[in-house]
Each structure stands twice: as C-alpha cells, then as structure tokens.
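Trainee: Let's go through the labels in this structure. I want the reasoning behind each one.

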Amino acid sequence: MSSTTNSPTHHTSTIGSIGTPSRRNTELALLVFAVVIPVFAYANVGLAINDELPAGLLSYGLGLGLLAGVGHLAVRKFAPYADPLLLPLATLLNGLGLVVIWRLDQSKRLSANYPDAAPRQLLYSALGVALLVAVLIFLKDHRVLQRYTYISMAGAMLLLVLPLIPGISAPTYGAKIWIKIPGLGTLQPGEFAKIALAVFFAGYLMVKRDALALASRRFMGLYLPRGRDLGPILVVWVLSILILVFETDLGTSLLFFGMFIIMLYVATERTSWIVFGLLMSAAGAVGVASFEPHVQQRVQAWLDPMNEYLLSRKGIYGHTEQSMQALWAFGSGGTLGTGLGQGNSDLIGFAANSDFILATFGEELGLAGVMAILLLYGLIVERGIRTSLAARDPFGKLLAVGLSGAFALQVFVVAGGVMGLIPLTGMTLPFVAYGGSSVIANWALIGILLRISDTARRPAPAPAPNPDAEMTQVVRPS
Amino acid sequence: MSELTLTVMRLGFLAVLWLFVIVAVQVIRSDLFGTRVTQRGSRREAARPQQAQRQQQAPPQQRQQSAGGRRGRNAPTKLVVSEGTLTGTTVALQGQTITLGRAHDSTIVLDDDYASSRHARIYPDRDGQWIVEDLGSTNGTYLDRSRLTTPTPIPLGAPIRIGKTVIELRK
C-alpha cells in the first residue's frame with residue numbers, strides 16, 4: 001500500500017508498510033544476558049555459603065546456556081518471526097529458580113526434605129525445553145489445534161479426574177492433585193490440563209461468541225445473557241467447584257474458572273460476564289469453605305497467621321507455621337534484601353523450594369528483587385497479550401489471551417498466597433518453583449505462544465493478483 | 001568472604017537484574033511496528049533525515065487518535081450508503097481508514113459490477129479532515145459531479161459516487 005496525502009502544511013508523505021524485522025539477533029543477545037545473570041547469582045550463593053566459587057559453576061552455566069541455545073536455534077529455524085522476548089524471559093526465570101533451589105539444597109536445615117533438588121530441576125528444565133522444541137517442530141500452524149476443540153476438552157477432563165482414581169492417585173498434604181507414574185515419580189496433571197482447556201475454550205468461544213455477545217437484554221447498564229447461553233458458564237463453574245470439593249485444590253479451581261471468564265470477556269466484550277464470574281466464584285468459594293475443613297484451615301492461616309504459627313509450635317495437628325514464616329522472610333528482607341545465600345528462609349522447611357520459593361527471593365533479594373521478578377512475569381504476560389492483539393485469526397487471539405491469562409492468574413494466586421493477600425493454595429510459581437510438571441507444562445505454553453506470535457508477526461504475503469479484476473465492467477458513453 | 005564483597009555482589013546483582021528488565025522494555029519499545037511514514041517533497045524536510053527517521057517510529061494509531069481528538073463540532077461521525085445495493089449501511093468514523101471496493105478485505109465490500117476490486121479509500125488527515133482518494137479504479141470515483149484525480153477533502157453530506165453506489169458523510 002503506497003499513496004500520497006496532502007496535509008495543509010503542504011508536506012507530502014508516503015505511507016507504506018514496514019516489513020517486520022525478525023529480531024532473532026536481539027533475542028540471542030538477551031539470551032546471553034539471561035544466562036549470565038543466573039551464573040552470577042550462582043557464584044554469589046557459593047561465595048556467601050561456602051566461601052568459594054561453587055564447583056559446578058562451569059557445568060551449570062554450560063547446561064543453562066545449552067538449553068537456551070537449543071531453544072534459540074529451534075526458534076530461529078522453525079519460528080523465525082516469533083517474539084524476541086518470550087524465550088529470554090522464561091530462561092532467566094528458570095535460571096534464577098535453579099539457583100535458588102540449589103541455594104536451598106545447600107541449607108543443612110533442609111537437606112532431609114529434598115535431597116539434590118537442583119539437578120532434578122535442571123533435568124526437568126531440559127525436558128521442558130525439549131517439549132518447546134517439539135511444539136515448534138510439530139505445530140506448524142496453531143490453527144490446527146482448532147480441529148481438536150472437543151478432544152482437548154475430553155483430554156482436560158481426563159487429566160483433571162486422574163488424581164481421583166484410587167490406583168494412581170498420590171494424595172499429598174491434603175490436596176489430591178498428583179498422580180503416580182510407576183518408576184518415574186509423581187506428576188501434576190492439572191498443569192497440562194491448563195493448556196488443553198485453553199485450546200477448548202478458544203475453539204468453543206470462537207464459534208459461540210456471537211450468540212453470547214449479541215443475544216442479551218439490557219438491564220441496569222448490564223447485558224444479561226439469555227438463560228440457555230448461561231449453560232456453558234454454569235458447567236465450567238460446577239466443574240471448578242467439583243475440583244475444589246474433591247481435590248481440595250483452591251488454586252486449580254480458581255485458575256480454570258478465571259481463565260474461562262477472561263476468555264469469555266475477550267470473546268464477547270461484555271463486562272457483565274466479569275460481574276457474573278466474580279459473583280459466582282465468590283459464591284462458590286464461600287459455599288465450599290463452609291463445609292470443607294482443608295479450605296477452612298487455609299482461610300484460618302490467611303486471616304490469622306500468627307495464631308496458626310503458635311498453635312503449630314505447640315504441636316497441635318493441622319496447623320501450619322509456614323504462612324507466618326513466609327511473612328517474616330519478606331519482612332527481614334527489607335528493601336534490598338540480605339543477599340543471596342545469607343537469609344534464613346530455609347527455616348520455612350517443607351515446600352520452601354516449591355510453593356514458598358518466592359519467600360526466599362523476598363528475603364535474599366528484598367523488595368527490589370521481588371519487584372523485578374514480578375515485572376519479568378508481567379513482561380511475559382504482556383508479550384502474550386501483545387501476540388493476541390497482533391494475531392490475525394480469532395482462534396489464535398483467544399488462545400494467546402487464554403494462555404497468558406492463565407499464566408498471570410497462576411502467578412497472582414501463588415504470589416498472593418505467599419504474601420498473605422489471598423488464602424494460600426498449593427500452586428507452583430511458573431518456571432521458578434521446584435516441580436517437574438509445572439516447568440515442563442510452562443515451557444510448552446511458551447512454545448505455543450511463540451508459534452502464535454510467529455504467525456502473527458510474519459509479514460503478510462503480497463496480495464495475490466485479484467482473479468475478478470477483469471470482471472469490472474467499463475462504463476461506455478452511449 | 002568479606003562483608004564488603006558480599007554487599008557489592010548483592011547490590012550488583014540487583015542492578016544487573018533491573019538492567020535486564022530495562023533492556024527488555026527497550027526491546028518492546030523498538031518493537032512497536034506499523035506503517036512507515038516518510039517525509040518528502042519539502043526541501044527543508046529532506047535536509048533533515050533524522051526527523052524523518054523519528055517520524056517512522058511513531059505508531060500510526062497514535063496519529064490517528066490525535067487526529068480524531070482534534071475534530072471540531074462539525075466533524076462527520078458516520079458514513080452512510082445512500083444508493084446502491086448496500087443502501088442504509090452505516091460505518092462509524094473513528095479515525096480508521098475505510099477502503100471501498102469489491103475485494104473481500106475492503107471495509108465496505110461493494111457488490112457492484114461497476115466498482116473495481118480496490119476502488120477508493122476514505123481516511124482522516126492529521127487535522128481530522130476526511131479525505132477521499134481514488135485508488136486507480138476503472139470507472140472512477142465522483143465527488144458531487146466531478147471525477148476525482150487527487151485526494152480531496154469531503155464536505156459534509158456531499159455524495160460520493162462509486163459505480164451504482166452513492167455514499168456520504170453525516171454528522
């Protein structure tokens with residue numbers, strides 16, 4: 001498109017489209033930066049705890065660098081126009097997580113809980129990057145996923161129900177969200193269900209959004225949907241309540257319902273869905289909390305962590321001292337933190353390197369460090385939503401916004417829980433916390449976002465010569 | 001390890017972490033892409049290529065929005081098809097370019113044998129004045145009764161004829 005315009009100041013300007021640069025070299029430079037920072041942190045932890053550079057410094061740096069390099073080459077080969085920030089941001093978060101997990105491994109007070117968590121986490125990260133590469137290779141076009149709308153719904157339901165089946169269920173500390181795989185360890189299928197559900201919601205809402213958006217009555221400034229259009233939202237609501245009741249997992253339940261509401265809002269542009277969603281989730285949470293002891297205990301720990309701490313110290317069963325200890329960790333970190341390896345957040349004990357890993361960041365890097373970490377998450381979400389804006393097909397738009405919304409919700413739920421903003425739920429901080437399922441699933445999520453952004457940012461092909469151009473009839477003066 | 005070294009490392013690490021965040025934000029800033037606007041014609045502009053460079057960076061939406069904000073009271077708010085198969089169709093004018101033609105990616109797809117596939121477009125200039133421009137169509141675009149040869153500002157209510165279709169801008 002090229003044309004001239006006359007503005008009143010008699011300038012002539014040419015408007016033409018810019019070919020989008022692929023930005024792969026920017027990505028490479030950022031990746032190098034993203035590998036150097038965790039290596040620096042690793043050296044810092046070693047110097048602070050053992051007074052010497054850690055022996056594994058070189059191999060750790062090479063390992064992380066190799067993962068980043070493989071990811072980068074795969075993106076360069078299979079998704080050359082993809083967003084340049086997603087991969088470096090994820091690599092940096094994964095690297096920092098590895099450092100802090102290793103730092104907690106070094107703690108003598110913790111060593112009994114998770115022996116050698118860091119090497120395992122490095123292995124999980126490698127599996128995650130392998131899955132990212134596989135997504136980039138085998139998913140040539142994200143619109144293929146649209147064909148599997150209802151299959152992914154069935155898959156997601158299966159994944160969510162698996163932890164309830166007696167033979168393979170591995171209930172741990174009150175929440176039934178793990179399954180046992182003989183010989184391999186445990187798996188958290190909910191993390192993978194997240195992606196499958198995003199695919200289902202995107203495919204479903206793309207077809208139904210006109211009915212949901214337009215067939216409604218206006219009442220007091222809100223668009224009230226018709227009764228029969230409320231069906232799907234009620235089904236998702238009931239399902240998330242069932243997850244809450246049978247798996248006693250507040251986080252997963254909130255994540256799925258929240259993701260559905262976000263995607264419903266984006267698909268229909270109706271604020272009323274958000275109002276309905278908030279009302280329904282509040283009603284559901286309050287209703288379940290009134291009879292489910294596990295949830296009640298979490299709410300108690302949120303409302304009065306100090307009391308919980310004291311009860312737990314007295315050795316009364318069913319109380320937790322972690323919430324209060326996490327708050328103390330944040331408090332003793334202050335603005336600039338105590339320095340890596342020099343805090344006492346390992347006193348949190350159980351789950352210090354998974355659910356509560358943010359408390360270690362809070363103590364050793366302080367407010368400044370936690371803000372930077374949250375900004376890194378924010379940037380990933382921003383890139384996801386930017387991808388959604390740039391995507392040219394409605395399915396890709398919805399899928400990108402659903403995946404980044406789920407990512408954002410997960411960070412909010414776990415960070416808010418550790419900081420005492422909302423009741424704590426057993427979720428993992430993406431990329432940072434120790435846990436194989438979470439790391440692997442989130443790398444796959446980044447892979448899908450990279451694929452959508454590659455399609456969205458790829459320069460549009462030149463318009464084909466229009467076949468009906470000759471068919472324009474010429475007016476002949478009669 | 002001395003206290004001083006650890007303090008320097010602690011503050012250095014935070015600085016490096018924030019530097020990464022800032023670099024990432026800079027990448028986002030340089031990543032805003034859209035249409036390229038090159039100044040030419042005026043010799044004064046040509047002598048200052050840097051300014052033209054800076055103009056390129058500005059995302060087009062901003063220009064259009066600011067143009068929309070500056071529209072006066074008599075600015076048209078909608079485009080109405082008053083004759084032809086699409087009679088009665090209205091399009092809200094919100095600072096976006098409207099393309100007309102038989103091509104299916106046009107804003108208004110004309111089902112009109114005498115229209116070209118990319119016939120004309122209507123867009124706001126920097127002051128919010130709406131301009132109609134013929135895109136080299138076979139049968140031409142007429143404003144009132146005169147055939148367009150250059151991009152021309154559209155008076156309120158003036159009929160624009162494309163094939164058998166007539167559109168006008170209204171308040």
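**Strands and helices**

Mentor: This is a predicted model. In it, β4(B) and strand β5 (residues 108–109) of chain B pair in the parallel sense over two bridges. In β5(B), I108(B) is the bridge partner of L100(B).

Trainee: Why do β4(B) and β5(B) count as a pair?

Mentor: Pairing needs at least two bridges. β4(B) and β5(B) have two bridges, so they count as a pair.

Trainee: What makes β4(B) and β6(B) a pair, and in which sense?

Mentor: Three bridges link strand β4 (residues 98–101) and strand β6 (residues 120–124) of chain B, in the antiparallel sense. T99(B) stands opposite R121(B).

Trainee: Which residues does V80(B) stand opposite in β3(B) and in β12(B)?

Mentor: In β3(B), V80(B) faces T90(B). In β12(B), V80(B) stands opposite E168(B). β2(B) pairs with β3(B) over three bridges, and five bridges join β2(B) to β12(B). Both pairings are antiparallel.

Trainee: What lies between β2(B) and β3(B)?

Mentor: Six residues, in a hairpin. G84(B) in the turn has a positive phi of about 105 degrees.

Trainee: Now the helices. Why is α1(A) called roughly antiparallel to α1(B)?

Mentor: Helix α1 (residues 24–50) of chain A and helix α1 (residues 3–30) of chain B pack at about 165 degrees, with axes 11 Å apart. Angles over 145 count as roughly antiparallel, so α1(A) is roughly antiparallel to α1(B). Their crossing is left-handed.

Trainee: How many residues of the contact of α1(A) with α1(B) are nonpolar, polar or charged?

Mentor: 16 are nonpolar, two polar and no residue is charged. The contact includes F33(A) and I37(A) in α1(A), and F13(B) and L17(B) in α1(B).

How values were computed: Residues numbered from 1 in each chain as written. Chains lettered and ligands numbered in written order. Predicted model: local features only at pLDDT ≥ 70, side-chain atom pairs only at ≥ 80, totals over all residues. Axes fitted to C-alpha atoms, helices over the stretch in contact; angles between N-to-C directions. Helix = DSSP H or I, 4+ residues; strand = E, 2+ residues; numbered from the N terminus. Parallel < 35°, antiparallel > 145°, perpendicular 65-115°, else oblique. Left-handed = near helix turned anticlockwise from the far one by under 90°. Contact = placed C-beta atoms within 7 Å. Nonpolar A, V, L, I, M, F, W, Y, C, P; charged D, E, K, R; others polar.
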